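The following exercises are to be worked with the sequence and the coordinates side by side. Each task is followed by a solution in steps.

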Amino acid sequence: GRIHTSTASVVVLPEADEVDISVRDEDLRIEAHRASGAGGQHVNVTNSAVRIVHIPSGLMVTCQDERSQQRNKSKALRVLRTRLLEAERQKHDSAATAERRASIGSGDRHER
């Protein structure tokens, strides 16, 4: 018969430590809310999901994987730091690429 194949893309990002990037508490808006999805009665009565918004960048991270609000908060902060570090690296890489392209030029005859 027919062979069905599927593909998946996986992006592996380095996890940022507190030393790599510092996030001030004043720059964060942390909200606790009820988790959605399966979980029975426990989900309906506890505010264990956490949403963290980094105000300067507008980046928002939501975590509702764990049963505890504290664990969800720490996990969301790790994800936020990692995303901020990745955004900083992309900004640095794009600036370096633009500078390199400007210095190299196109190599056409009119640049000689």
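**Exercise 1. Determine which residues His54 touches, not counting residues up to four places away in sequence, and whether His54 is buried or exposed.**

Step 1. With contact taken as heavy atoms within 4.5 Å, His54 touches Val23, Asp27, Leu28, Leu59, Leu80 and Leu84.

Step 2. His54 lies in strand 2. Helices (H or I, at least four residues) and strands (E, at least two) are DSSP runs, numbered from the N terminus.

Step 3. Buried means under 20% relative accessible area, exposed over 50%, and partly exposed in between (1.4 Å probe, protein chains only). His54 has 10% relative accessibility and therefore counts as buried.

Step 4. The strand as a whole follows suit: five of the six residues of strand 2 are buried, so this strand is largely enclosed by the rest of the structure.

The basis of these values should be stated here. The model is predicted, so local features need pLDDT of at least 70 and side-chain atom pairs count only at pLDDT 80 or more, while totals for chains, interfaces and linings use all residues. Residues are numbered from 1 along each chain as its sequence is written, and side-chain values use heavy atoms, with hydrogens and water left out.

**Exercise 2. State how many helices and strands the protein has, and in which pattern they follow along the sequence.**

Step 1. The secondary structure consists of two helices and three strands.

Step 2. Read along the sequence, these elements give the pattern β-α-β-β-α.

**Exercise 3. Describe the order and pairing of the strands in the sheet.**

Step 1. The three strands form an open sheet in the order 1-2-3, and the pairing is antiparallel. Strand 1 and strand 3 stand at the edges with a single partner strand each, so one side of each is left without a neighbour in the sheet. The twist averages 15° from one strand to the next; axes are lines fitted to C-alpha atoms, for helices over the stretch in contact, and angles run from 0 to 180 degrees between N-to-C directions.

Step 2. Two strands pair if DSSP finds at least two bridges between them. Strand 1 (residues 28-33) is joined to strand 2 by six bridges, and strand 2 to strand 3 by five.

Step 3. Individual partners can now be assigned. Ile52 has Val61 in strand 3 as its bridge partner, and Val50 stands opposite Cys63 in strand 3.

Step 4. The hairpin of strand 2 and strand 3 has four residues between the strands, and Gly58 takes a positive phi near 80° there.

**Exercise 4. Characterise the surroundings of Arg29 in strand 1.**

Step 1. Arg29 stands opposite Val53 in strand 2. These two residues are 24 residues apart along the chain, yet their C-alpha atoms are separated by 5.1 Å.

Step 2. Beyond its neighbours within four places in sequence, Arg29 is in contact with Arg51, Ile52, Val53 and Ile55.

Step 3. The side chains of Arg29 and Glu31 are joined by a polar contact of 3.1 Å. A polar contact is a pair of N or O atoms within 3.5 Å; within protein, one must be able to donate a hydrogen and the other to accept it, and residues adjacent in sequence count only if both atoms are side-chain atoms.

Step 4. A relative accessible area of 42% makes Arg29 partly exposed.

**Exercise 5. Identify which residues make up the largest nonpolar core and which element gives the most to this core.**

Step 1. A nonpolar core is a set of buried Ala, Val, Leu, Ile, Met, Phe, Trp, Tyr and Cys residues joined through side-chain atoms within 4.5 Å.

Step 2. The largest such core has ten residues: Ile21, Leu28, Val50, Ile52, Val61, Cys63, Ala76, Leu77, Leu80 and Leu84.

Step 3. At least two core residues come from each of strand 2 (49-54), strand 3 (59-63) and helix 2 (69-104). Helix 2 gives the most, with four residues.

Step 4. Leu80 illustrates the packing: apart from neighbours within four places in sequence, Leu80 is in contact with Leu28, Ile52, His54, Leu59 and Val61.
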